[in-house]
Amino acid sequence: MIRALGLCLLFATALATLPAARAAIPDTLEQRIAACATCHGKSGEGLRANEYYPRIAGKPAGYLYNQLLNFRERRRQAPVMNHMVASLSDAYLREIAEYYAKLTPTHPAPVAAAPGPLLARGQALMSQGDTTRKIPACAACHGKALSGMNPGIPGLLGLDAQYIAAQLGAWRNRTRSAHAPDCMADVAAKLVPGDVAAIAAWLGAQAQSGAPAAPLPPGSLRLPVKCGSTDAPPPAAEVPRPASRGEYLVRAGNCFSCHTTRGGPPYAGGRAIPTPFGTLYSSNITPDPQTGLGRWSADDFRRALHEGKSKDGSLLYPGFPYTNYTKVTREDVDAMYEYLRTLPAVAQPNRPHAMRFPYDKRSLLAGWRALYFKPGTYANDPLQSPQWNRGAYLVEGLGHCNACHAARNALGAVKGDGPPAGGLIPMLNWYAPDLALGSAAAANAEIVALLKSGVSHRGAVFGPMAEVVQDSLQHLVDEDLAAIAVYLKSLRTGATQEAGSGAQVTPEQAEAAMQLGARLYKDRCSDCHQPGGEGVPRAYPSFAGNAALLMRNPVNAIRITLNGGFPPSTRGNPRPYGMPPFAHVMSDDEVAAVVTYIRGAWGNRAAPVSPAEVAAARGVPVD
């Protein structure tokens with residue numbers, strides 16, 4: 001049963017009207033991943049700001065690569081890290097890991113402040129383990145010098161004691177996990193709190209010694225426990241371009257993003273999709289006969305897309321964008337169905353939705369549909385060109401762009417029948433801009449480049465839109481992207497935009513914020529975005545005249561400043577430049593000041609931002 005939510009997310013472009021910058025930015029990996037230095041230090045030495053960010057320099061490349069994969073696939077939870085690497089490819093993560101593995105690390109001075117008996121207990125566990133509780137010695141896996149064992153086991157010296165304790169605790173309570181079998185989780189489960197304190201105290205009291213982990217011949221590593229993370233998997237092959245019409249249409253509809261969990265089998269469902277009314281879980285659309293679409297006919301599939309009804313006739317929640325898919329032609333629906341039948345069947349039961357009362361009563365959907373759903377295939381506008389009509393068909397139908405780029409009413413229905421005029425994406429708290437406003441200042445070629453590669457001459461996609469570009473739009477042919485650009489350029493901007501929090505900023509406060517913001521911009525932003533806000537083509541978006549920054553609702557600019565991010569890895573931009581997060585080093589007042597400055601400098605005339613708006617943005621999930 002298809003029960004997914006369309007995930008066409010933030011069109012967070014940075015499209016400027018000023019001439020392109022001529023600044024020289026090094027085309028080096030160090031520059032491209034400079035965003036990592038804000039937390040981990042310029043040389044990967046680790047930093048302590050409001051919390052500890054561990055040393056990553058000199059650790060085995062295989063270990064670092066595994067950890068980056070774990071963050072991306074959400075096996076390891078750290079919201080900012082999960083967000084930063086969410087749309088980066090295996091190959092790029094491997095390159096980043098190898099870069100830091102080659103750096104010579106620096107180490108903090110040891111801290112021996114713990115009682116002697118606690119240190120002795122820690123030393124015993126490190127060197128001998130505890131055979132009575134089947135706890136192996138740490139040195140048996142991490143090496144006698146505790147400097148790690150290639151290819152995937154890190155060194156333990158030179159790390160913060162509190163960080164070590166926190167990581168062991170995360171393994172003990174299963175909030176951190178890795179590739180199965182998860183050896184560290186199994187070992188940590190046998191530790192008591194006193195063991196954790198002893199190990200952390202002893203390691204924190206040791207000076208760094210020993211050579212870095214030496215390369216080991218494949219298959220020569222012998223460990224006392226089974227471990228799924230000792231070998232780093234090779235980077236996955238690049239997803240090939242769609243080989244059939246059906247596959248192309250499924251990619252154009254971005255079915256992959258919704259129907260695939262992080263690290264899970266493609267199209268097997270299970271992805272949680274939060275809504276104001278509860279949580280939906282996407283369904284298994286592989287051809288498994290018990291849990292997927294194996295027993296669905298082409299008519300059943302057409303009924304789901306065109307009428308919002310499941311095989312058994314039950315009404316589907318409108319989180320699945322059948323209000324858009326109803327416009328898809330029967331020929332295209334049949335082609336999508338035939339492609340889905342060729343996928344490997346995955347036996348994965350669908351997870352029940354967790355909707356709140358009374359929204360868990362599907363009978364109420366009949367009333368919603370009577371008010372807000374009008375079935376009907378897209379009809380070409382005879383007054384427009386074939387290219388315009390193709391763009392409209394993709395934007396309004398298969399691409400379901402107004403699922404995010406339009407405001408919604410109290411019952412979750414899209415407001416109005418006009419073009420996608422922008423709106424706050426429910427639960428995600430990113431503002432999906434007016435598509436006409438975002439396209440007005442851009443040439444058609446820039447729009448095509450942005451949708452195809454995630455970057456253009458003067459812009460980039462950040463935030464959740466990066467997933468849409470990576471999983472869907474980069475797979476479209478240039479002719480379809482050009483048609484989308486033609487259609488978007490023809491739209492008239494919406495009459496209104498949703499405002500921000502409404503927090504008041506006095507003229508005196510705004511002037512003080514501009515002065516503080518100018519200093520912060522010079523110190524933290526100008527090296528990349530340039531002193532005049534002109535940016536660097538295909539690297540760092542320009543700010544002057546940037547429509548995405550000048551919206552009444554400033555939440556996007558605030559969240560990008562707080563959380564940073566990377567554009568997606570795509571064929572056209574496989575190694576994107578990153579934006580560092582500043583949430584841990586800047587206060588609400590400072591973030592408000594720098595966002596106020598970029599919204600008010602270089603001829604920009606957007607309203608100032610208040611610290612209260614920043615505080616509200618900190619209070620929502622990063623992704």
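Q: Which definition tells us that D186 and R174 form a salt bridge in this predicted model?
A: A salt bridge is a side-chain nitrogen of Lys or Arg within 4 Å of a carboxyl oxygen of Asp or Glu. In this predicted model, the side chains of D186 and R174 come to 3.3 Å, N to O. That value lies within the cut-off, so the pair qualifies as a salt bridge.

Q: Where along the chain do D186 and R174 sit, and how many residues apart are they?
A: D186 belongs to helix α9, residues 183-188. Its partner R174 lies in the loop between α8 (161-172) and α9. The pair thus links distant parts of the chain, with a separation of 12 residues.

Q: Is D195 buried or exposed?
A: D195 pairs with R121, and their closest N and O atoms are 2.7 Å apart. R121 is partly exposed, at 36% relative accessible area. Buried means under 20%, and D195 has 0% relative accessibility, so D195 counts as buried.

Q: Which helix holds E396, the partner of K327?
A: The closest N and O atoms of K327 and E396 are 3.3 Å apart, in a salt bridge. K327 is in the loop between α14 (322-325) and α15 (330-340), 69 residues from E396. The helix that holds E396 spans residues 386-398 and is α17.

Q: Which residues do salt bridges with shared partners join into one network?
A: The whole structure contains 20 salt bridges. Some of them share partners and form one network. Its members are R121, D130, R133 and D195.

Note on methods. Residues are numbered from 1 along each chain as its sequence is written. This is a predicted model: local features need pLDDT of at least 70, side-chain atom pairs count only at pLDDT 80 or more; totals for chains, interfaces and linings use all residues. Side-chain values use heavy atoms; hydrogens and water are left out. Buried means under 20% relative accessible area, exposed over 50%, partly exposed in between (1.4 Å probe, protein chains only). Helices (H or I, at least four residues) and strands (E, at least two) are DSSP runs, numbered from the N terminus.
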